[in-house]
Amino acid sequence: MPVPLSTSPSPALIAAIRRILRPLVRVLIANGLTLPTLSGLMKAVYVEEADRHFSLPDKQTTVSRIALLTGLHRKDIARLREEAGTGAEPLEMVSPSLSAQLLGRWTGHSGYRGENGKPMALTRPGFDALAESISKDIRPRALLDELLRGGLVHEAEDGMLELIEAAHLPRGDYDRMAYWFGRNVADHMATAARNLAGGEPPYLERALFHTGLTSESVRQLNAEATTAAMDVLMHLNEMATRLSERDKGQDGAHQRFVAGVYIHAETAQEDQP
């Protein structure tokens, strides 16, 4: 990412940032995160990102350089760097949910799909084998309990385990929902930021916009978009599962791929800057 060359950002960029901040601030206010709390978080992130992405070739990023890039006081930067070095940081899941990985393999691996292409019901030993292929550090029963609790898996009277939903929707688990909120929005933002900076090749980032619709029309569009999007994601999940098995153990197999979709509808308002 290029080092900023001007201290006067584009008015168009300022307007875009205001638009981005509006839904974020609504989340913050609704959850009791005040402006001083956000300010503290922003200072820490400014220092982290300046350190990680704006260093000069073959040189350690100095406090003076971070102060120049961020506008923060040198004492604040030194303190924030020291705090970051202590390992004390907000509680955060450091890897994707194991249950989400399990569901991805259940829906994407050919060995777990029937002739109709849909995920097969599994015996308990079959589920245990699937769980152990994801991680040997957690008991399969614990993963099964989480999926049963979330309503994603149904245990039939004959003991067969049936997948209810192909997507991992952690309903009722606010901490897990917050994790995916951060992860998904951050990936989308990273894509948009890369394209804005002129990254080549540009990554796909498209949306359609329509106004003047009734609630019934929105309902129909939502149903159609959900079905079409899930078909695409299921196809990509199957392909990614197959390719990851092919790439396992190869040099350079350290890339991460993300494909996401979203649907939004609300009462049309005047476009806000």
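Helix α8 buries five of its residues, R176, Y179, W180, D187 and T191. This is a predicted model, so treat everything here as a tour of a computed structure. We'll start with α8, move on to the aromatic pairs, and end with two helices that cross.

**Helix α8 and what surrounds it**

- The helix runs over residues 174–196, which makes 23 residues in total.
- Here's a quick check you can follow: at 1.5 Å a residue, α8 should span 33 Å, and its end C-alpha atoms are 32 Å apart, so the two values agree.
- What hides those buried residues of α8? The cover includes α5 and also α7, which is residues 140–149.
- After α8 comes G198, and its phi is positive, near 85 degrees.
- R194 lies over the face of Y203, and the distance to the ring centre is 3.9 Å.

**Aromatic pairs**

- How many aromatic pairs turn up in a search of the whole structure? The search finds two.
- In one pair, W106 and F127 have ring centres 6.2 Å apart and planes at 65 degrees; planes over 60 degrees apart count as edge-to-face, so that's the label this pair gets.
- W106 sits in helix α5 (residues 98–108) and F127 in helix α6 (residues 124–134), so the pair ties together parts that are 21 residues apart in sequence.
- Are these two rings' residues buried or exposed? W106 is buried, with a relative accessible area of 0%, and F127 counts as buried at 0% too.
- Y179 and W180 make an aromatic pair as well, also edge-to-face, with 5.0 Å from centre to centre and 75 degrees between the planes.
- Both names should ring a bell, since Y179 and W180 are on the list of buried residues of α8.
- The cut-off for buried is under 20% relative accessible area, so Y179 makes it at 11%, and W180 makes it at 18%.

**Where α2 and α3 cross**

- To describe two packed helices, you give the angle between their axes and the distance between the axes.
- Helix α2 covers residues 35–53 and helix α3 covers residues 63–70; their axes come within 10 Å and cross at roughly 115 degrees.
- Which hand does the crossing of α2 and α3 have? It is right-handed.
- On the α2 side, the contact is made by Y46, V47, A50 and D51.
- On the α3 side, I66, L69 and T70 do the touching.

Terms used. Residues are numbered from 1 along each chain as its sequence is written. This is a predicted model: local features need pLDDT of at least 70, side-chain atom pairs count only at pLDDT 80 or more; totals for chains, interfaces and linings use all residues. Side-chain values use heavy atoms; hydrogens and water are left out. Rings of Phe, Tyr and Trp (its six-membered ring) pair if their centres lie within 6.5 Å; planes under 30 degrees apart count as stacked, over 60 as edge-to-face and the rest as tilted. Helices (H or I, at least four residues) and strands (E, at least two) are DSSP runs, numbered from the N terminus. Buried means under 20% relative accessible area, exposed over 50%, partly exposed in between (1.4 Å probe, protein chains only). A charge sits over a ring if NZ of Lys or CZ of Arg is within 6 Å of the ring centre and within 35 degrees of the ring normal. The expected span of a helix is 1.5 Å times one less than its number of residues. Contact means heavy atoms within 4.5 Å. Axes are lines fitted to C-alpha atoms, for helices over the stretch in contact, and angles run from 0 to 180 degrees between N-to-C directions. A crossing is left-handed if the near helix is turned anticlockwise from the far one by less than a right angle, and right-handed if clockwise.
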